[in-house]
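Got your viewer open? Let's take a short walk through this molecule, one selection at a time.

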Amino acid sequence: LSSQGLELVAEVQSAASAYLILQLELIVLRQRSADMRLLRQRFESELLPLHRTLDQALNRLVEHKERLLDDYYERAEADRAAFQLHLFGLLALITLTALLLTWYLASRVGQAYREQRKALAAARTAVAARDDMMGIVAHDLRNPLGLIGLEAAILRSKLPAGEAQRHAESIERVTHQM
C-alpha cells in the first residue's frame, strides 16, 4: 500500500475498533439494565456518529482503491496500445521482408530460367551445327569411299585369285564398313 493507503487503512481500523468497542459496551449495558431510554440515547449520540465515521473512512478507502485501479487500468490500456502498435509494426516489417525476399528469389529464378533457355538454345544450335557438319563430312567421305570400294571391286574381279585379290576384297570390305 502507498502511504496514503496505509493512512486510510489505519483510519478504518481505528474507526472500526471504536465502533466495535462501543457496540459491545452497549450490548453489555442492555443485558445489565432495562433502561431502554438511556440505551437509545447512547445509541443515537455515540454509536450512530461512530457508524458514520466508520462508513466515511470505508468510503474514502474504497475511493482510493478505485482510483488506484482506474490508474492501473489506464496504464494497462496504454501498455496494451503500445504493445499492439509495436506488434503491428513488427508484422509490417515481417511482411515487407517476406515481399522483398520473394521478389529477390523470383528475380533469381527468372534469371536462372533465362540462362537455361540461352544454354538450351546454344546446345540446340551446336547439335544442329554438328548434325550439318556430320552430314557434310559423311557426304564428302561417301563419294571417295564409294569410288575406292568400286575400284577395289574392279581390281578383285580382274585379278587372278591370290594375295592381291584378298587385299582387294579387304579394301572393299573396309570401305563398305566405313
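Before you click anything, here's a bit of vocabulary: a residue is called buried when its relative accessible area is under 20%, exposed when that value is over 50%, and partly exposed in between. Also keep in mind that this is a predicted model.

**Stop 1: two helices**

Select residues 3-32, which make up helix α1, and then residues 36-158, which make up helix α2. Their axes come within 9 Å of each other and cross at roughly 160°. Angles over 145 degrees count as roughly antiparallel, so α1 is roughly antiparallel to α2. Which hand does the crossing of α1 and α2 have? That crossing is left-handed.

Now colour the residues where α1 and α2 touch by type. You'll have 19 nonpolar ones, 6 polar ones and 7 charged ones.

**Stop 2: a histidine in α2**

Next, pick H64, which sits in helix α2. Is H64 buried or exposed? Its relative accessibility is 4%, so H64 counts as buried. Show its surroundings and, leaving aside residues up to four places away in sequence, you'll find H64 touching S2, Q4, G5 and L8.

**Stop 3: a salt-bridge network**

Time for some charged side chains. The whole structure has 5 salt bridges, and we'll visit some of them.

Select E25 and R42. Their side chains form a salt bridge, with 2.5 Å from N to O. E25 belongs to helix α1 and R42 to helix α2, so this pair ties together parts that are 17 residues apart in sequence. Check how accessible the two partners are: E25 is partly exposed at 38% relative accessibility, while R42 is buried, with a relative accessible area of 18%.

Keep R42 selected and add E46. These two form a salt bridge as well, and their closest N and O atoms are 3.2 Å apart. Here both residues lie in helix α2, 4 residues apart, which is about one turn of the helix. E46 counts as partly exposed, at 31% relative accessibility.

Now show E25, R42 and E46 together: salt bridges link them in a network.

**Stop 4: a pair of neighbours**

For the last stop, select R130 and D131. How many Å, N to O, is the salt bridge between their side chains? It is 3.0 Å. R130 has 46% relative accessibility and so counts as partly exposed. D131 is partly exposed too, with a relative accessible area of 40%.

Key: Residues are numbered from 1 along each chain as its sequence is written. This is a predicted model: local features need pLDDT of at least 70, side-chain atom pairs count only at pLDDT 80 or more; totals for chains, interfaces and linings use all residues. Side-chain values use heavy atoms; hydrogens and water are left out. Axes are lines fitted to C-alpha atoms, for helices over the stretch in contact, and angles run from 0 to 180 degrees between N-to-C directions. Angles under 35 degrees count as roughly parallel, over 145 as roughly antiparallel, 65 to 115 as roughly perpendicular and the rest as oblique. A crossing is left-handed if the near helix is turned anticlockwise from the far one by less than a right angle, and right-handed if clockwise. Ala, Val, Leu, Ile, Met, Phe, Trp, Tyr, Cys and Pro count as nonpolar, Asp, Glu, Lys and Arg as charged, and the others, Gly among them, as polar. Buried means under 20% relative accessible area, exposed over 50%, partly exposed in between (1.4 Å probe, protein chains only). Contact means heavy atoms within 4.5 Å. A salt bridge is a side-chain nitrogen of Lys or Arg within 4 Å of a carboxyl oxygen of Asp or Glu.
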